[in-house]
Amino acid sequence: MNRRPLFHLALLLATVAAEAAQTPRATPTPGQGQYAYSSHVEDAGIAAGSAQRSEADRRINQDHLGDVEIVVVESETHNTSWLVKLGHPAVVFREHTAPDYGEHADTIRVLQWEREHNCADEHGKYLHYIIKHYHKLHNVTVFLHGHHTAWHEPAGFKDVQVAELIERTAKTQRGIEFLRPKACGSWQLDVAMINDTVWQQYFQRALGDHPPNYGQQGAYLTPCCSQFAVRRDAVLQHPRSFYLHLKELACHSTHTHDDITKYLERVYGLIFAAVRPTRGGYC
């Protein structure tokens with residue numbers, strides 16, 4: 001019996017299977033809670049990360065407010081002692097000696113500013129955190145400035161405002177909620193101001209050809225100042241490579257510091273939206 005045809009058929013099937021395993025999935029509609037581009041390798045990593053978090057989820061008895069981590073970017077003039085009132089684990093990026101967090105010191109990790117993430121103000125640190133923790137994110141991650149009060153902070157104590165933000169995010173269907181600035185309606189930013197070349201290079205593949213309502217009235221607006229909370233599934237709708245690409249924009253591109261921070265401040269609401277917004281905002 002001539003076995004050569006069977007051998008060639010088996011070889012062909014093996015080749016097809018190998019190519020299929022390496023082929024990225026087709027690009028779905030942006031902003032629909034799906035990856036804009038991904039691979040089986042990154043999908044496997046996400047599954048492994050979910051398994052790592054599952055034990056933590058059981059330890060908190062499925063409490064929807066329990067699985068939270070707070071990421072804070074603090075400068076020399078800030079004091080993050082207010083963090084201990086929230087009772088959640090935290091990561092603090094800071095440029096000077098840490099305060100005494102007392103009995104909470106074992107749940108608050110302090111990272112000194114380093115060259116690898118000391119760029120584009122808070123944005124380089126936010127992206128560094130997402131990239132490093134991508135496969136083991138908490139159900140809700142909160143990204144904040146370290147100051148307790150500022151011109152844009154909402155009225156009242158920051159710990160109270162952040163606690164409300166966490167609860168709102170845990171229950172939301174939007175994927176992201178903002179710590180709304182004081183006089184929020186007056187401090188909304190137009191995403192359409194992002195340079196067309198920058199949009200095409202860094203955002204188009206994941207977020208569509210143009211920002212929502214591009215060139216039309218009723219533009220999509222996002223609150224100022226980049227303080228927000230996101231759900232884990234909102235982060236994971238993009239592959240880790242997307243955030244690595246954004247970090248290139250933040251830390252290694254030739255655009256000016258001011259332009260980079262303006263671009264990133266305006267786009268978080270789109271990046272983490274469960275459903276692509278068309279107009280309006282979060283105020």
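Start with valine 73 in strand S1 and select phenylalanine 93 in strand S2: the two are bridge partners. This is a predicted model, in which local features need pLDDT of at least 70 and side-chain atom pairs count only at pLDDT 80 or more, while totals for chains, interfaces and linings use all residues. Residues are numbered from 1 along each chain as its sequence is written, and side-chain values use heavy atoms, with hydrogens and water left out. Helices (H or I, at least four residues) and strands (E, at least two) are DSSP runs, numbered from the N terminus.

**Strand S1 and its partners**

Select S2 (residues 90-94) in full; S1 pairs with S2 in the parallel sense over five bridges. Two strands count as paired if DSSP finds at least two bridges between them. Next, add S4: six bridges join it to S1, again in parallel. Within that pairing, valine 71 has phenylalanine 143 of S4 as its bridge partner.

Now colour S1 (residues 68-74) by accessibility. Seven of its seven residues are buried, where buried means under 20% relative accessible area, exposed over 50% and partly exposed in between (1.4 Å probe, protein chains only). In a regular strand the side chains alternate between the two faces of the sheet. On one side of S1 are Val68, Ile70, Val72 and Glu74, on the other Glu69, Val71 and Val73, and both faces are covered.

**Aromatic rings**

Select Tyr126, Tyr129, Tyr134, Phe143, Phe178, Phe228, Phe242, Tyr243, Tyr268 and Phe272, which form one aromatic cluster. Rings of Phe, Tyr and Trp (its six-membered ring) pair if their centres lie within 6.5 Å; planes under 30 degrees apart count as stacked, over 60 as edge-to-face and the rest as tilted. The count comes to 13 aromatic pairs. Zoom in on tyrosine 134 and tyrosine 243: their ring centres are 6.2 Å apart and their planes at 50 degrees, so this pair is tilted. Tyrosine 134 sits in the loop between helix H3 (122-133) and strand S4 (140-145), and tyrosine 243 in helix H7 (residues 240-252), so the pair ties together parts 109 residues apart in sequence. Tyrosine 134 is buried at 2% relative accessible area, and tyrosine 243 is buried at 1%.

Move on to phenylalanine 228 and tyrosine 268, whose ring centres are 4.7 Å apart with planes at 35 degrees, so this pair is tilted. Phenylalanine 228 belongs to strand S8 and tyrosine 268 to helix H8 (residues 257-271), so parts 40 residues apart in sequence are tied together. Relative accessibility is 1% for phenylalanine 228, which counts as buried, and 3% for tyrosine 268, also buried.

**Disulfides**

Show the cysteines. There are two disulfides, each a pair of cysteine sulfur atoms within 2.5 Å. In one, the sulfur atoms of cysteine 119 and cysteine 251 are 1.8 Å apart. This pair links distant parts of the chain, with cysteine 119 in the loop between strand S3 (108-112) and H3 and cysteine 251 in helix H7, 132 residues apart. Cysteine 119 is buried at 12% relative accessibility.

The other disulfide joins cysteine 224 and cysteine 225, with sulfur atoms 2.2 Å apart. Its S-S torsion is about -70 degrees, so the disulfide is left-handed. Both cysteine 224 and cysteine 225 are buried.

**Confidence**

Finally, colour by pLDDT, the predictor's confidence in each residue, from 0 to 100. The chain averages 74, and 64% of the residues score at least 70. Among the elements, strand S8 (residues 228-231) has the highest mean pLDDT (96) and helix H2 (residues 40-59) the lowest (40). Select residues 1-65, where pLDDT stays under 50.

Technical notes
Contact = heavy atoms within 4.5 Å.
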